[in-house]
Amino acid sequence: MSAAQRPENQDVLFYILPGQDPAELDRFVLKLIHKIHRQSRRADLLVADQATALKLETDIWGMRPEGFVPCSVNAEMPAPFQIHTAFPQTPGNDVLINLNPELDPEQAITTARYHRLIEVLDQTPERIELGRKRWRQYKQLGLTPTSHKL
């Protein structure tokens with residue numbers, strides 16, 4: 001794939017949490033969402049299923065009032081943060097936070113043309129193995145992922 005097909009300055013970040021606690025992963029994702037919102041960016045969050053999407057939406061809406069982040073599930077209403085259970089029909093074209101093990105990196109890069117792709121992994125063996133696979137896929141697509149061990 002040529003660089004002309006990708007947005008300028010496209011990058012891939014892997015955040016690797018030290019444990020396997022689902023609550024720790026949730027806290028980190030909320031912190032990440034808040035940071036992206038403070039930067040006035042738009043994001044799509046890709047999750048595995050409807051139950052996860054609804055829990056994440058509830059958690060986002062429950063953030064402290066000064067940290068309010070408008071969001072919606074599956075584009076039910078316009079909002080800068082969209083939580084999707086399948087790859088979005090109309091991607092936000094800025095940031096994709098991936099929590100879905102079924103993501104096809106090529107689709108995120110070429111079809112949606114996100115500027116920043118973020119993978120969040122914990123130490124669950126399945127997540128680590130899928131993360132390694134996606135890391136290799138991003139490299140094959142001409143990107144150099146960066147990892148941040150937390």
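## Working through a predicted fold

With 150 residues, a compact globule would have a radius of gyration near 15 Å, and the chain agrees because its own value is 15 Å. Keep in mind throughout that this is a predicted model.

**Exercise 1. Work out how the chain is laid out, and what its extent and surface look like.**

Step 1: count the elements. The chain has four helices and seven strands.

Step 2: put them in order. Starting at the N terminus, you read β-α-β-α-β-β-β-α-β-α-β.

Step 3: check the extent. The C-alpha trace spans about 45 × 35 × 25 Å along its principal axes.

Step 4: look at the inside and the outside. Of the 150 residues, 45% count as buried. The exposed area of the chain comes to about 8000 Å², with carbon and sulfur atoms supplying 51% of it.

Step 5: see how far along the sequence the contacts reach. Take the contacts between residues at least 6 apart in sequence: 65% of them join residues at least 24 apart.

Step 6: place the charges. There are 18 positive and 19 negative ones, and their mean positions sit 7 Å apart.

**Exercise 2. Find the largest nonpolar core and say which elements build it.**

Step 1: get the core itself. It has 27 residues, and those with the most contacts inside it are Ile 33, Leu 56, Ile 60, Ile 83, Ile 97, Ile 118 and Val 120.

Step 2: map it onto the elements. Two or more residues each come from the helices α1 (22-38) and α2 (50-61), and from the strands β1 (11-16), β2 (43-46), β3 (71-73), β4 (81-84), β5 (95-98) and β6 (116-121).

Step 3: ask who gives the largest share. That's α1, with seven residues.

Step 4: check for anything left over. Another core, of 17 residues, lies apart from this one, and Leu 103, Ala 112, Leu 117 and Ile 128 are among its members.

Step 5: zoom in on one residue of the largest core. Setting aside neighbours within four places in sequence, Leu 56 contacts Val 29, Leu 30, Ile 33, Leu 45, Val 47 and Ile 83.

**Exercise 3. Two residues other than glycine, Ser 40 and Asn 74, have a positive phi; find where they sit and how exposed they are.**

Step 1: recall the background. Most residues other than glycine have a negative phi.

Step 2: take Ser 40. Its phi is near 60°, and you'll find Ser 40 in the loop between α1 and β2. With a relative accessible area of 67%, Ser 40 is over the 50% cut-off, so Ser 40 is exposed.

Step 3: take Asn 74. Here phi is near 50°, and Asn 74 lies in the loop between β3 and β4. A relative accessibility of 33% is why Asn 74 counts as partly exposed.

**Exercise 4. Is Ala 108 buried or exposed, and what does it touch?**

Step 1: locate it. Ala 108 is in helix α3 (residues 105-111).

Step 2: read the accessibility. The relative accessible area of Ala 108 is 0%, so this residue is buried.

Step 3: list the contacts. Leaving out neighbours within four places in sequence, Ala 108 is in contact with Phe 87, Leu 96, Leu 103, Arg 113, Tyr 114 and Leu 117.

Step 4: add a distance. Pro 91 is 17 residues away from Ala 108 along the chain, and their C-alpha atoms are separated by 8.9 Å.

**Exercise 5. Do the job again for Ala 79, a loop residue.**

Step 1: Ala 79 sits in the loop between β3 and β4.

Step 2: at 8% relative accessibility, Ala 79 falls under the 20% cut-off, so Ala 79 counts as buried.

Step 3: not counting residues up to four places away, Ala 79 touches Arg 42, Pro 70, Cys 71 and Ser 72.

**Exercise 6. Which residues does Pro 145 touch, and how far is Val 12 from Pro 145 in space?**

Step 1: Pro 145 is in the loop between α4 (125-140) and β7 (146-149). Its relative accessible area is 6%, so Pro 145 is buried.

Step 2: beyond residues up to four places away, Pro 145 touches Val 12, Phe 14, Trp 135, Tyr 138 and Lys 139.

Step 3: Val 12 and Pro 145 are 133 residues apart along the chain, while their C-alpha atoms are separated by 4.7 Å.

Step 4: follow up on Lys 139. This residue belongs to helix α4 and is partly exposed, with a relative accessible area of 44%. From Lys 139 to Val 12 the C-alpha distance is 9.8 Å, across 127 residues of sequence.

Technical notes. Residues numbered from 1 in each chain as written. Predicted model: local features only at pLDDT ≥ 70, side-chain atom pairs only at ≥ 80, totals over all residues. Heavy atoms only, no water. Rg over C-alpha atoms; globule rule 2.2 N^0.38 Å. Buried < 20%, exposed > 50% of the residue type's maximum accessible area, 1.4 Å probe, protein only. Contact = heavy atoms within 4.5 Å. Areas by Shrake-Rupley, 256 points an atom, 1.4 Å probe, with all protein chains shown as cover. Lys, Arg positive; Asp, Glu negative; His and termini not counted. Charge placed at Lys NZ, Arg CZ, Asp CG, Glu CD. Core = buried A, V, L, I, M, F, W, Y, C linked by side-chain atoms within 4.5 Å.
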